[in-house]
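Let's work through a few exercises together. Keep the sequence and the 3D view open as you go.

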Amino acid sequence: MAFIHLDVRCLYTLIICTTFGSMPSNAEIKVNPPQDFEIVDPGYLGYLSLQWQPPLFLDNFKECTIEYELKYRNIDSKHWKTIITKNLHYKDGFDLNKGIEAKIHTLLPAQCTNGSEVRSSWSETTYWTSPRGNLETKIQDMDCVYYNWQYLLCSWKSGMGVHFDTNYQLFYWYEGLNHAIQCTDYINVNGKNMGCRFPYLESSDYKDFYICVNGSSESHPIRPSYFIFQLQNIVKPLPPDYLSLTVKNSEEINLKWSMPKGPIPAKCFIYEIEFIEDDTTWVTTTVENEIQITRTSNESQKLCFLVRSKVNMYCSDDGIWSEWSDEQCWKGDIWKETLVFFLIPFAFVSLFVLVITCLLLYKQRALLKMIFHTKKEVFSHQETFC
């Protein structure tokens, strides 16, 4: 009987060992990292391609969908961007003023590895533009404004200590262009290119816009400068016009203005209003082109306001305030001024008419009196003759 129990235990042990021994543990499942991982610059001024090849020895995982976890950043950034993809490439924009680092590993999904995801070791790479020229030779104070969402203008200042023969060239690219394009309408100051007026930029909104400004000099190389922005975030609208200020009653005031002219939709505006009541000034904002306010005093004698506009958060991440509109004012004693303005001329005119009328009446009375005396003398003469 004891041998029978022993045989049963051995049989159970044999079954367990056979079952679990035939299933490799997660620790025994390994996968290699992707091959030939690199960062490729196609010449789009910062829009780079990260690309790789499948790992070696994937024959045991032909039925699995292999994925890749990609991490990348500019070298001085604290945060990695992370992408999970099944493709063998990924594209994004980078600041080429700084270096780029990236790393990638292979992911085996849980259904291929007995319930737990398996990852390979990291494959890493870096990318730097070829450094040339001292840092001080880069342009300074680059400023780009997209005026009224219609035309782009960029300007800059010369780098520090550059030679007098230095000149600059601007190139730009955004998705939809086949290649980087050089500026064709430079702003020239004392024989140097110090800005660029861009042509109409078709289908350029809500895309990364890449710019490179480099330079040339016979005496020393010039360090290029790279910039990335989106045009809708640097729009500067026109100021509102046709302002009106209406005092409805002793307290309520209605402020109204027209929407700035141009292609910017009405829903994209936010307005900042500066209101002046006598010696008090306060500022408020609204997305409407009309606002009701309450006077702080019924005795205030001067009410003025002006307004400016900007593209709001529903249409952009940021924007540039327009110039202030012309000021529109209302004066509490304007009725007195108006009364004086009209009454004084009216009084003079009335007095003049009255004097003329009196003179005419006096002359008419004198004429009638003379006619009366003449007729009386005629009648007297006729009676004497009879």
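**Exercise 1.** Which residue stands opposite Phe171 in strand 15?

Before solving, a word on the model: it is predicted, so local features need pLDDT of at least 70 and side-chain atom pairs count only at pLDDT 80 or more, while totals for chains, interfaces and linings use all residues. Residues are numbered from 1 along each chain as its sequence is written, and side-chain values use heavy atoms, with hydrogens and water left out.

*Solution.* Step 1: find strand 11 (residues 167–174) and strand 15 (residues 209–216), which pair in the antiparallel sense over eight bridges. Strands here are DSSP runs of E with at least two residues, numbered from the N terminus, and two of them pair if DSSP finds at least two bridges between them. Step 2: look across from Phe171, and you meet Cys212 in strand 15.
Step 3: place the pair in its open sheet, whose four strands have the order 12-11-15-16 with antiparallel pairing. Strand 12 (181–182) and strand 16 (225–229) each have a single partner strand, so one side of each is left without a neighbour in the sheet.

**Exercise 2.** Describe the open sheet that contains strand 18.

*Solution.* Step 1: read the order of its three strands, 18-19-22, with antiparallel pairing. Step 2: find the edges. Strand 18 (241–247) and strand 22 (290–294) stand there, because each has a single partner strand.
Step 3: follow the chain from strand 18 through four residues of a hairpin to strand 19. Strand 19 (residues 252–258) pairs with strand 18 in the antiparallel sense over five bridges, and Leu245 stands opposite Leu255 in strand 19.

**Exercise 3.** Find a disulfide (a pair of cysteine sulfur atoms within 2.5 Å) and describe its geometry.

*Solution.* Step 1: a search of the whole structure gives four disulfides. Step 2: choose the one that joins Cys144 to Cys154, with S to S 2.0 Å. Step 3: with 115 degrees about the S-S bond, the link of Cys144 and Cys154 is right-handed. Step 4: locate the ends, with Cys144 in strand 9 (residues 140–147) and Cys154 in strand 10 (residues 151–157), ten residues apart.
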